[in-house]
Amino acid sequence: MAKVRYDIAASADGFVATADGGVAWRKDDSRGDIWAVGGSASTAPLIAANLVDRFELSIMPDLLGSGIRLLPEGTQPAKLKLLSHKAYADGVLSLVYVTDA
């Protein structure tokens, strides 16, 4: 059985946002870059707060038909610039985008 790795940025006490949903604490420049990996529920507040400046996406050669969206309904449109891409022999595409801000 394949293993799944799930990573997300969290505080030392296990919280991903303040009680009011705030995520600005994650973008403290004195602490360096933040790598947050997760689904739409965990990344939506970061995107809404304009804290994401790089998106690393992997497109799998599978069609699910239905399920959980990559980004939640209501995500604000954004211009992205392709930084790099790679195609693998198994059909997977790795895409890296940066915000055009």
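This is a short tour of the structure above, going from the whole chain to the sheet, a pocket and one loop residue.

Before selecting anything, note that this is a predicted model, in which local features need pLDDT of at least 70 and side-chain atom pairs count only at pLDDT 80 or more, while totals for chains, interfaces and linings use all residues. Residues are numbered from 1 along each chain as its sequence is written, and side-chain values use heavy atoms, with hydrogens and water left out.

**The whole protein.** Show the chain as a cartoon and look for one helix and three strands, which follow the order α-β-β-β from the N terminus. Helices (H or I, at least four residues) and strands (E, at least two) are DSSP runs, numbered from the N terminus. If you switch to a surface view, the accessible surface is about 8,300 Å², and 57% of that belongs to carbon and sulfur atoms; such areas come from the Shrake-Rupley method with a 1.4 Å probe. Of the 101 residues, 15% count as buried, where buried means under 20% relative accessible area, exposed over 50%, and partly exposed in between (1.4 Å probe, protein chains only).

**The sheet.** Next select the three strands, which form an open sheet in the order S1-S3-S2 with antiparallel pairing; two strands pair if DSSP finds at least two bridges between them. Strand S1 (54-59) and strand S2 (80-87) stand at the edges with a single partner strand each, so one side of each has no neighbour in the sheet. Now keep S2 and strand S3 (residues 93-99) in view, since seven bridges join these antiparallel strands. To find one of these places, select Ser84, whose bridge partner in S3 is Val96.

**A pocket.** Turn then to the second largest pocket, which has a volume of about 470 Å³; a volume is the space filled by probe spheres set on grid points, joined across faces, edges and corners. A pocket is an open set of points on a 1 Å grid over the protein atoms alone, where a 1.4 Å probe fits, with protein on both sides within 12 Å along at least five of seven lines, and lining residues have an atom within 4 Å of a point. Select Ile47, Phe55, Thr75, Gln76 and Ala78, the closest to the pocket's centre of its 24 lining residues. Helix H1 (40-48) and S1 are the elements that give two or more residues to this lining, and H1 gives the most, with three.

**A loop residue.** Finally, select Met60 in the loop between S1 and S2, which counts as partly exposed because its relative accessibility is 49%. Add Asp90, which is 30 residues from Met60 along the chain, and the two C-alpha atoms are separated by 8.9 Å.
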